[in-house]
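The following report describes a single protein chain on the basis of its sequence and its atomic model. Please consult both while reading.

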Amino acid sequence: MGCCSGRCVLIFLCCVQLMSAVERQVFDFLGFQWAPIMINFFHIIVVILGLFGAIQYRSRYVIMYLLWTWLWIGWNGFVSCLYLDLGGLSKDSDVLSLGLSSHHSWWKDNGPGCRSENLPSAAWQNQQNPELTTVQSCWLEYQYIEILHCALQLLISLLGVIYAFFVVSSFASEEESYYK
């Protein structure tokens with residue numbers, strides 16, 4: 001059986017999702033954001049299973065990928081709202097680190113063009129409030145980088161949902177025609 005166009009596109013989208021999820025996982029590790037680390041880990045596993053299902057014509061795996069992708073879309077919507085401070089959420093909360101540490105997005109200190117400038121007054125060198133000791137200047141603030149990551153994940157995931165529906169229906173029609 002050849003590679004139908006929807007199946008090939010789904011395989012390609014799964015590969016792109018894997019690459020972007022691994023990249024996101026690395027930066028979540030660097031920022032000690034434990035909730036995204038766990039969810040990214042599950043996402044990587046399910047995308048690998050979805051990829052296997054598309055390659056091996058296993059509709060159950062593709063359906064599992066499809067259901068997980070809906071949850072993944074919800075997660076990325078939540079993270080976007082968190083970084084945009086929408087719905088009572090705050091990017092300064094410790095929700096993503098599960099309250100285990102005071103770490104934040106790795107991009108906050110290491111974004112493109114970010115540099116810390118120490119303030120000249122030694123009286124402000126209070127370690128309890130590090131915002132008083134440095135001034136950040138960045139080309140693009142960290143919350144917008146995180147939102148761009150989420151937007152990319154949402155776009156790939158929505159395309160994945162569309163093609164997963166197509167692949168599952170084509171598997172069902174091929175299976176149905178096989179038994180006739």
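## Aspartate 85 and its salt bridge

Helix α3 is followed by aspartate 85, whose phi is positive, near 60 degrees. The model discussed here is a predicted one. Aspartate 85 adopts this positive phi although it is not a glycine, and its place is in the loop between α3 and α4. Its relative accessible area is 35%, so the residue counts as partly exposed.

Which residue does the side chain of aspartate 85 meet in a salt bridge? The partner is lysine 91, with a separation of 2.8 Å from N to O. Side chains of opposite charge can pair when their charged atoms come close. Lysine 91 has a relative accessibility of 21% and therefore counts as partly exposed; the cut-off for a buried residue is under 20%. The structure holds one salt bridge.

## Overall architecture and confidence

The secondary structure of the protein chain comprises five helices and two strands. In sequence order, these elements follow the pattern α-α-α-α-β-β-α. The chain has 180 residues, of which 37% count as buried.

The mean pLDDT of the protein chain is 82, and 80% of the residues score at least 70. Where in the protein chain is confidence lowest, and where is it highest? The lowest confidence is found in strand β2 (residues 134–137), with a mean of 57, and the highest in helix α3 (residues 59–83), with a mean of 94.

## Helices α1 and α3: length

Helix α1 covers residues 5–30, a run of 26 residues. At 1.5 Å a residue, α1 should span 38 Å, and its end C-alpha atoms are indeed 38 Å apart, so the expected and modelled spans agree. Just after α1, phenylalanine 32 takes a positive phi of about 55 degrees.

The same reasoning can be applied to α3, which has 25 residues. The expected span of α3 is 36 Å at 1.5 Å a residue, and the end C-alpha atoms of α3 are 36 Å apart, which agrees.

## Packing of α1, α2 and α3

Two packed helices are described by the angle between their axes and the distance between the axes. For α1 and helix α2 (residues 34–55), the angle is about 160 degrees and the axes are 9 Å apart. That angle makes α1 roughly antiparallel to α2, because the cut-off for this class is over 145 degrees. The crossing in which α1 passes α2 is left-handed.

Helices α2 and α3 pack with their axes 8 Å apart, at an angle of about 150 degrees. On that basis α2 is roughly antiparallel to α3. The crossing of α2 and α3 is left-handed.

What angle and axis distance describe the packing of α1 and α3? The angle between α1 and α3 is about 40 degrees, and their axes are 14 Å apart. That makes α1 oblique to α3, because angles count as roughly parallel under 35 degrees. Helix α1 passes α3 in a left-handed crossing.

## The loop between α2 and α3

Tyrosine 57 is located in the loop between α2 and α3. Its phi is positive, at about 55 degrees, although the residue is not a glycine. Is tyrosine 57 buried, partly exposed or exposed? With a relative accessible area of 27%, tyrosine 57 is partly exposed.

## Residue pairs separated in sequence

Serine 59 is found in helix α3. It is partly exposed, with a relative accessible area of 26%. The C-alpha atom of serine 59 is separated by 8.0 Å from that of alanine 172, although the two residues are 113 residues apart along the chain.

A further pair involves aspartate 109, which lies in helix α4 (residues 107–110). Aspartate 109 has a relative accessible area of 41% and is therefore partly exposed. Between the C-alpha atoms of aspartate 109 and cysteine 138 the separation is 9.0 Å, with their positions 29 residues apart along the chain counted as the distance apart.

How values were computed
Residues numbered from 1 in each chain as written. Heavy atoms only, no water. Helix = DSSP H or I, 4+ residues; strand = E, 2+ residues; numbered from the N terminus. Expected span 1.5 Å × (residues − 1). pLDDT = per-residue confidence, 0-100. Salt bridge = Lys/Arg side-chain N within 4 Å of Asp/Glu carboxyl O. Buried < 20%, exposed > 50% of the residue type's maximum accessible area, 1.4 Å probe, protein only. Axes fitted to C-alpha atoms, helices over the stretch in contact; angles between N-to-C directions. Parallel < 35°, antiparallel > 145°, perpendicular 65-115°, else oblique. Left-handed = near helix turned anticlockwise from the far one by under 90°.
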